[in-house]
Amino acid sequence: MHRREEANRRRRVESAFSWSFQGIISGRSRRIDRMSSVHGRNCHLCEAGCGLLIGPGRQGRLEVKPDQLDVVSKGHICPKGALLVEADADPDRLRQPMVRKGDRLVPASWEEAFQVVQDKLPKIIAEHGPDAVATFVGNPHSHNLAAAMYVPQLLRLLKTKNRYSAGSIDAWPQQLAALLMYGHPGDLQMPDIDRTDLLVVFGANPAISNGSLATAPGWGKRLTSIRQRGGDVILLDPRANETSRLVSEHVFIRPGTDSLVLLALINTLFADDLVDLGVAAGMVNGLERVRDFTADFTPEAVSERSGVSATWIRELAHRLAETERSVVYGRVGVVLQELATVAAWGLNVVNILTGSIDRPGGAMFCRPATGLNALKVPLGRPPALGRWRSRVSGYREVFGELPAVAMLEEMETPGPGQIRALITHSANPVLSIPGAGPRLDRALDALELVVCLDVFVNETTRHADVILPSPAGLERAFYPYYSQQFAVRSYARFSPPMLPMAEGQPGDDEILMRIGAMATDPPGDVLALRQNVLLKTIRGFTENPDSDVYGRDPEELLPMLHGNSDPERLLDLYFRTGPFGDHFGDGDGINLERVSAAEHGIDFGPMVPLLPDIVRTADQHIELLPEPVAELAPHIRRILDERIEGLQLIGRRQQRSNNSWMHNVSRLVGTGNRCSLLMNPLDAGDRGIFDADQVDVSTPEGVITLDLELTEDIMPGVVCAPHGWGHQSTTLGVASKLEGASVNDLMSPRRVDVGSGNAAPNGTLVEVTPHIRFGDSVPSTQSVPRLPIP
């Protein structure tokens with residue numbers, strides 16, 4: 001009976017593919033014809049990792065449908081996931097390596113491409129040292145299982161200190177605050193949104209992002225559920241974004257002042273005797289120091305600068321303290337400012353002082369099925385911070401990397417240690433690093449070697465000597481290994497490859513290890529290096545007294561690992577040794593085989609209290625005021641006393657984009673996904689500009705031209721444009737024809753978060769003027785009527 005029911009269920013699912021979300025596979029029809037069943041998998045296009053069903057549809061097309069039975073996403077899908085197949089089959093996607101011949105990139109065999117790297121990379125390292133080679137890793141590598149696991153292996157083999165990534169553009173401050181307070185950068189506080197009664201969001205748009213660094217597919221429905229059960233959601237943001245339509249209250253806040261409002265909330269909690277540490281009582285250091293540190297930052301002191309009412313700030317502090325299940329959360333808008341580390345620290349402290357930390361419905365810590373990385377770290381290990389500094393400006397190392405804004409000057413400045421080669425993985429730093437743009441264009445041409453692991457010729461890879469394409473997304477196994485470290489619920493769902501790789505196509509792990517082997521002296525044996533990675537990783541568990549496999553022989557455990565590739569075997573190891581694992585025994589815990597058999601995933605439930613184990617400081621106490629935060633007091637005062645005159649630029653997230661990629665799918669661009677400037681009508685009237693005009697947006701760094709959209713959704717004194725646009729210099733058939741420009745061309749590379757070195761583009765002062773074409777007369781700004789508000 002069970003088999004008959006399962007067969008009937010599968011037939012119902014397969015027959016449901018008669019709807020509008022269709023992905024077209026170009027030039028792969030014969031491979032599609034061989035697919036006779038529906039394949040379930042996680043979407044690999046963003047952190048949410050929603051469950052999808054992909055199967056044969058009409059006219060030889062693959063169709064994508066949300067998996068209503070997925071244990072976490074429960075049928076949620078966005079336009080990106082709906083068009084995953086189309087994005088995967090992009091006709092501009094590289095299917096074989098490219099090598100430079102003169103001023104052209106031409107197709108080559110894999111051996112020819114690797115030979116170019118072999119001819120140059122070892123010589124550069126031998127003559128100039130390992131720091132002459134820089135690496136830059138982009139966001140998409142996090143959604144690629146093999147890359148997520150093997151990029152760190154490449155970095156270990158290269159031994160360069162010139163490591164850069166997109167993390168220092170949009171994530172470092174929150175991870176740095178976690179490192180300083182809890183002893184590990186992965187100890188991020190997650191809002192327990194499914195059980196909270198009061199959620200306060202600073203500078204985020206989770207209805208679109210699905211909870212960046214707080215992964216929860218279908219945030220929109222979850223926000224609505226909070227209000228339906230009698231709770232409230234409050235958003236502080238300079239723009240009434242898509243999330244604002246779902247909240248109880250939206251409050252405008254001036255760009256770059258989130259930290260000031262958070263300091264005022266902390267001040268009020270002390271002043272009004274509202275502090276209650278809850279489960280953290282007896283686990284914190286520095287409570288009185290925090291009181292003294294915030295003594296001058298009363299709600300009245302920060303109100304004018306932030307634009308937020310002092311009375312409202314005080315009332316919010318009381319609501320947070322008096323609501324049993326409350327939590328504050330912030331994301332990209334918080335980290336892209338000059339006081340980002342202070343703001344990230346402030347979010348943590350507010351949750352601790354209101355007793356929300358580690359409490360259901362409050363701010364909790366993730367427990368991924370692959371195991372918490374923090375628990376693998378010995379207590380009191382010195383933080384990965386400031387162990388070396390950049391050569392030119394002296395930026396300090398954070399988590400083994402240097403800030404992305406330092407890479408350009410390290411290329412341009414001659415002398416020992418100058419960058420002479422660059423290796424990227426799924427990255428586009430020309431477009432994504434604030435203040436880089438045209439200068440980085442020129443600097444890349446001057447390098448002796450540029451190797452790009454990428455699937456497109458974009459603004460960065462067009463400078464490459466070698467482009468090595470990854471397998472297409474549906475050709476590789478996928479597990480959301482990275483984003484599950486920041487999920488608001490514990491679950492596991494594994495996606496095996498859905499389509500076969502092209503003949504001769506290596507996986508990301510093989511590509512990365514072959515490059516890494518070239519960097520060793522003498523050159524390493526790739527097979528031996530790969531075996532060593534597996535054994536060394538197993539040894540990390542067998543030599544850990546807290547592990548359930550402590551004392552066992554790695555050589556004995558290695559052949560027990562399941563998987564068709566080394567990344568899959570590593571994933572099996574993490575499953576087995578994780579909180580729900582079988583620990584290589586005969587118990588009921590999970591391993592890769594059991595997770596693979598769970599068609600819609602396995603749900604292990606909501607977050608659970610993890611204090612004090614997750615704290616990895618020497619005494620397992622939370623450092624409420626780490627010294628690197630206390631040292632920022634003069635910068636806080638500077639921002640508080642700053643008087644802003646003019647327009648401040650902020651960014652915006654769009655549902656149909658993901659940073660600088662996904663603009664080459666025609667059905668993902670257009671309405672709702674365009675590069676335009678949002679401005680309040682009150683600001684437009686005085687400048688003689690009108691809705692749908694073209695305007696020049698300028699700073700001392702540069703000028704770009706954008707279409708103008710007037711809206712009351714943006715607060716007066718602020719303008720807003722998305723990042724990641726400006727693809728005119730590429731061979732991308734769709735993206736290169738789109739209107740738009742890179743807002744990063746307006747940014748100064750010196751504008752950074754003073755605590756971490758993270759880029760700080762939000763709040764940049766800009767001028768907006770009518771775009772003057774050749775032959776146009778300059779319009780008068782006298783007596784120009786304001787645009788009526790509809």
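Does Asp358 count as buried or exposed, and at what relative accessibility?

Some ground rules come before the solution. The model is predicted, so local features need pLDDT of at least 70 and side-chain atom pairs count only at pLDDT 80 or more, while totals for chains, interfaces and linings use all residues. Residues are numbered from 1 along each chain as its sequence is written, and side-chain values use heavy atoms, with hydrogens and water left out.

Solution.
- Locate the residue: Asp358 sits in the loop that runs from helix H16 (340-353) to strand S15 (363-364). Helices (H or I, at least four residues) and strands (E, at least two) are DSSP runs, numbered from the N terminus.
- Apply the cut-offs: buried means under 20% relative accessible area, exposed over 50%, and partly exposed in between, with a 1.4 Å probe and protein chains only.
- Conclude: with a relative accessibility of 4%, Asp358 is buried.

**Exercise: backbone exceptions**

Which value does phi take in Asp358 and in Leu213, and which residues are joined by a cis peptide bond?

Solution.
- Start from the background: most residues other than glycine have a negative phi, and most peptide bonds are trans.
- Phi of Asp358 is positive, about 60°, although the residue is not a glycine.
- Leu213 also has a positive phi, near 55°, and is other than glycine. Its place is the loop between helix H9 (206-209) and helix H10 (219-228), and its relative accessible area of 5% makes it buried.
- One cis peptide bond links Asp521 to Pro522, with omega about 0°; Pro522 belongs to the loop between H20 and H21.
- Another cis bond links Leu611 to Pro612, again with omega about 0°. Pro612 is in the loop between strand S22 (602-606) and strand S23 (622-623).

**Exercise: a helix pair**

Describe how helix H20 and helix H21 cross, and name the residues in contact.

Solution.
- Geometry: the axes of H20 (residues 508-518) and H21 (residues 526-542) come within 9 Å and cross at roughly 115°. Axes are lines fitted to C-alpha atoms, for helices over the stretch in contact, and angles run from 0 to 180 degrees between N-to-C directions.
- Class: H20 and H21 are therefore roughly perpendicular to each other. The classes are roughly parallel under 35 degrees, roughly antiparallel over 145, roughly perpendicular from 65 to 115, and oblique for the rest.
- Hand: the H20 and H21 crossing is right-handed, that is, the near helix is turned clockwise from the far one by less than a right angle.
- Contact (heavy atoms within 4.5 Å): H20 contributes Asp509, Glu510, Met513, Arg514 and Ala517, and H21 contributes Val526, Leu529, Arg530 and Val533.
- Composition: five of the contact residues are nonpolar, none is polar and four are charged. Here Ala, Val, Leu, Ile, Met, Phe, Trp, Tyr, Cys and Pro count as nonpolar, Asp, Glu, Lys and Arg as charged, and the others, Gly among them, as polar.
- One residue in detail: Arg530, in H21, is buried at 14% relative accessibility. Residues up to four places away in sequence aside, Arg530 touches Asp509, Glu510, Met513 and Asp566.

**Exercise: an open sheet**

What is the order of the strands in the open sheet of four strands, and which strands stand at its edges?

Solution.
- Order: the strands run S12-S11-S10-S14, with parallel pairing. Two strands pair if DSSP finds at least two bridges between them.
- Edges: S12 (249-251) and S14 each have a single partner strand, so one side of each lacks a neighbour in the sheet.
- Twist: the average from one strand to the next is 15°.
- Pairs: five bridges join S10 (residues 198-202) to S14, with Leu198 facing Ser326 as its bridge partner in S14. S10 also pairs with S11 (residues 232-236) over five bridges, and Val201 has Leu235 as its partner in S11. S11 and S12 share three bridges; Ile234 stands opposite Glu249 in S12.
- Burial: four of the five residues of S11 are buried, so S11 is largely enclosed by the rest of the structure. In S14 (residues 326-330), five of five residues are buried. Ser326, Val328 and Gly330 point one way from S14, and Val327 and Tyr329 point the other way.

**Exercise: a barrel**

In what order do the six strands of the barrel close?

Solution.
- The order is S24-S28-S25-S27-S26-S29, with mixed pairing.
- Neighbouring strands are turned by 45° against each other on average, direction ignored.
- Within the barrel, S25 (residues 676-679) and S27 (residues 702-710) are parallel over four bridges, and Leu677 has Leu708 of S27 as its bridge partner.
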